[in-house]
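Trainee: Got a few minutes to walk through this one with me? I'd like to go from the helices to the cores and then on to the rings and strands.

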Amino acid sequence: MRMSHTVSRRTALASLAGAGAAVLLGSGTASARADANTVTATAFPAAEAERLRLATTYRGSDFITTGRYAPPGTPVTVQVTATGGVLPTLHIGTYDNYHAVTAQRTPRDFTLKQGANTVTDTYGGPVYLRLPGNGQQAQVTFTAGSVQMPTFVLGSTSESAFQSQLDTLTASAWVELTSPHAIITVTRADFLAHRGEDHVTLMNLVEQLIASHAAVSGLDGSAPLHRRKAGKYQFVEVSKVPTGVGAYATHYFNGFPVAYLDRLITVDGVRNRGWGFYHELGHLHQQFAYRPAGLTEVSVNIYSLAAQRIFGQTSNLLTVDPTTGLNWFQSALPKLGTTGLDFTTSFGPYEKLVSLRQLELAFGTGIWPKLHKLIRVENPQSDWQTQDALRWTNYAVYLSRVTGRDLTDFLVNKWAYPINAEGRAALAALALPAPSTDPSTLYDS
């Protein structure tokens with residue numbers, strides 16, 4: 001669930017790990033020496049710069065993990081050597097947008113200088129660095145105050161070594177799992193209930209999940225504009241979510257309460273029961289240009305459906321609503337084209353998603369990477385507060401351009417999308433042929 005209507009406050013953390021680890025971070029790297037006290041960070045583009053390149057609504061993470069934990073109120077001393085002219089900032093804590101203590105809703109940041117630095121944070125937490133730039137390096141050595149955090153690094157940490165960390169590094173209140181594109185940050189107390197998982201399998205599944213979203217987004221590296229996001233995606237345990245919300249997405253991270261951890265840090269949960277995980281990660285990939293408010297919680301699920309396909313799951317659109325005995329195609333399709341129909345009010349969320357799946361059935365799932373790429377190239381702009389109608393128009397016009405077909409009948413006449421007169425005129429001006437097959441007749445079975 002998206003929890004903000006502004007392009008502003010969301011964060012993800014990134015994590016490095018145990019002895020001798022080397023973790024790719026987009027266009028940069030961070031590595032720790034065998035003594036686990038020194039991190040050598042390589043700069044990569046900042047989160048906002050990447051958001052602008054990708055044309056997404058939300059910023060992804062630009063944190064570099066250190067594998068360290070700062071106990072509450074403890075002075076932490078670090079030695080900084082920055083060889084590229086860019087100094088890192090240090091951050092302590094996690095993002096937790098609804099925490100009861102306002103100061104704990106975001107990590108606390110500390111500006112570092114060359115040489116010795118001492119910082120103290122009242123609340124403590126995982127320690128991160130930021131180093132925005134392009135390949136510059138900075139070495140940060142933790143000389144006093146912080147402790148090692150149990151950290152599993154895919155491809156570097158053995159299961160036995162990680163389990164040993166869980167048993168011995170008990171001064172850290174947090175645990176992290178990391179892979180080339182992911183950081184999962186969970187409180188030690190809640191992680192231990194799920195410690196028996198195969199973490200190689202788990203993090204490989206998370207990598208597959210993120211790759212599925214990148215594929216939908218057309219992040220194939222075919223041009224610099226279309227490379228995958230610099231830095232990792234972070235998934236963080238949070239202390240609280242709003243009433244009725246299972247998890248949330250916002251700038252920099254996805255937040256999951258303890259009740260969701262069985263689907264975030266277990267193999268079965270990610271592979272078979274992770275729709276909410278897929279959905280929240282999808283919000284970090286959504287592009288703003290064709291995301292009107294009424295589609296936010298619908299179009300995000302093109303990524304969720306793609307993840308279900310790679311994991312071999314039955315589509316959620318084929319689940320049966322117990323109140324009607326019908327799946328979502330069966331309940332939605334009889335409504336199409338009826339008098340007084342309104343896309344925004346006449347359909348439930350899954351029924352609305354049927355319309356996007358019909359476009360996939362008519363034109364192939366390749367329409368989505370083409371759409372994402374076209375938006376990145378043309379970079380259409382709109383104002384959140386005043387131009388929602390423009391984003392409905394963009395959705396219709398850009399999809400028509402990508403499919404090479406006039407989608408007016410499908411979107412406006414059949415599904416009653418709220419495309420205004422200006423939008424319908426823009427569709428007509430494309431002078432495209434009608435689809436050879438009416439998408440509104442198509443369904444999964």
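Mentor: Sure. One bit of groundwork: the expected span of a helix is 1.5 Å times one less than its number of residues. And keep in mind that this is a predicted model.

Trainee: Then what span is expected for H14?

Mentor: H14 has 16 residues. From its first C-alpha to its last it reaches 23 Å. That is close to the expected value, which at 1.5 Å a residue is 22 Å.

Trainee: How many residues of H14 are buried?

Mentor: Among the buried ones are Arg 391, Asn 394, Tyr 395 and Leu 399. The cover over the buried residues of H14 includes H12, H13, H15, helix H11 (343-346) and helix H16 (421-429). The helix is largely enclosed by the rest of the structure, because the buried count for its 16 residues is 12.

Trainee: Which residue follows H14, with a positive phi?

Mentor: Look just past the end of H14 for a phi near 75°. The residue there is Gly 404.

Trainee: Which helix gives the largest share of the largest nonpolar core?

Mentor: That core has 45 residues, and Leu 356, Trp 368, Tyr 395 and Trp 415 are among those with the most contacts inside it. Helices giving two or more residues to it include H9 (301-310), H12 (349-363) and H13 (367-378). The largest share is 7 residues, and it comes from H14.

Trainee: How many residues are in the other core, the one with Tyr 58 and Leu 154?

Mentor: This one lies apart from the largest core. Leu 202 and Tyr 233 also belong to it. Its size is 33 residues.

Trainee: Is Ser 355 buried or exposed?

Mentor: Ser 355 is found in helix H12. Leaving aside neighbours within four places in sequence, it is in contact with Phe 343, Phe 410, Trp 415 and Tyr 417. Its relative accessibility is 0%, so Ser 355 counts as buried.

Trainee: How far apart are the C-alpha atoms of Ser 355 and Phe 343?

Mentor: Along the chain, the two sit 12 residues apart. Trp 415 touches both of them. Their C-alpha atoms are separated by 10.0 Å.

Trainee: On to the rings: why is the pair of Phe 162 and Phe 191 called edge-to-face?

Mentor: It is one of 22 aromatic pairs in the whole structure. The ring centres are 5.8 Å apart and the planes stand at 80°, so with edge-to-face meaning over 60 degrees, the pair qualifies. It links distant parts of the chain, with Phe 162 in helix H2 and Phe 191 in helix H3. Both residues are buried, and the angle that settles the label is 80°.

Trainee: Which residue lies over the face of Tyr 252?

Mentor: Tyr 252 belongs to a cluster of linked rings that includes Phe 63, Tyr 95, Tyr 248 and Phe 253. At 5.1 Å from the Tyr 252 ring centre, over its face, lies Arg 130.

Trainee: Last one: which strands stand at the edges of the open sheet?

Mentor: The sheet has 5 strands in the order E7-E6-E9-E4-E11, with antiparallel pairing. Inside that order, 4 bridges join E6 to E9, and Ile 92 has Val 127 as its bridge partner in E9. An edge strand has a single partner, so one side of it is left without a neighbour in the sheet, and that applies to E7 and E11.

Terms used
Residues are numbered from 1 along each chain as its sequence is written. This is a predicted model: local features need pLDDT of at least 70, side-chain atom pairs count only at pLDDT 80 or more; totals for chains, interfaces and linings use all residues. Side-chain values use heavy atoms; hydrogens and water are left out. Rings of Phe, Tyr and Trp (its six-membered ring) pair if their centres lie within 6.5 Å; planes under 30 degrees apart count as stacked, over 60 as edge-to-face and the rest as tilted. Buried means under 20% relative accessible area, exposed over 50%, partly exposed in between (1.4 Å probe, protein chains only). A charge sits over a ring if NZ of Lys or CZ of Arg is within 6 Å of the ring centre and within 35 degrees of the ring normal. A nonpolar core is a set of buried Ala, Val, Leu, Ile, Met, Phe, Trp, Tyr and Cys residues joined through side-chain atoms within 4.5 Å. Contact means heavy atoms within 4.5 Å. Two strands pair if DSSP finds at least two bridges between them.
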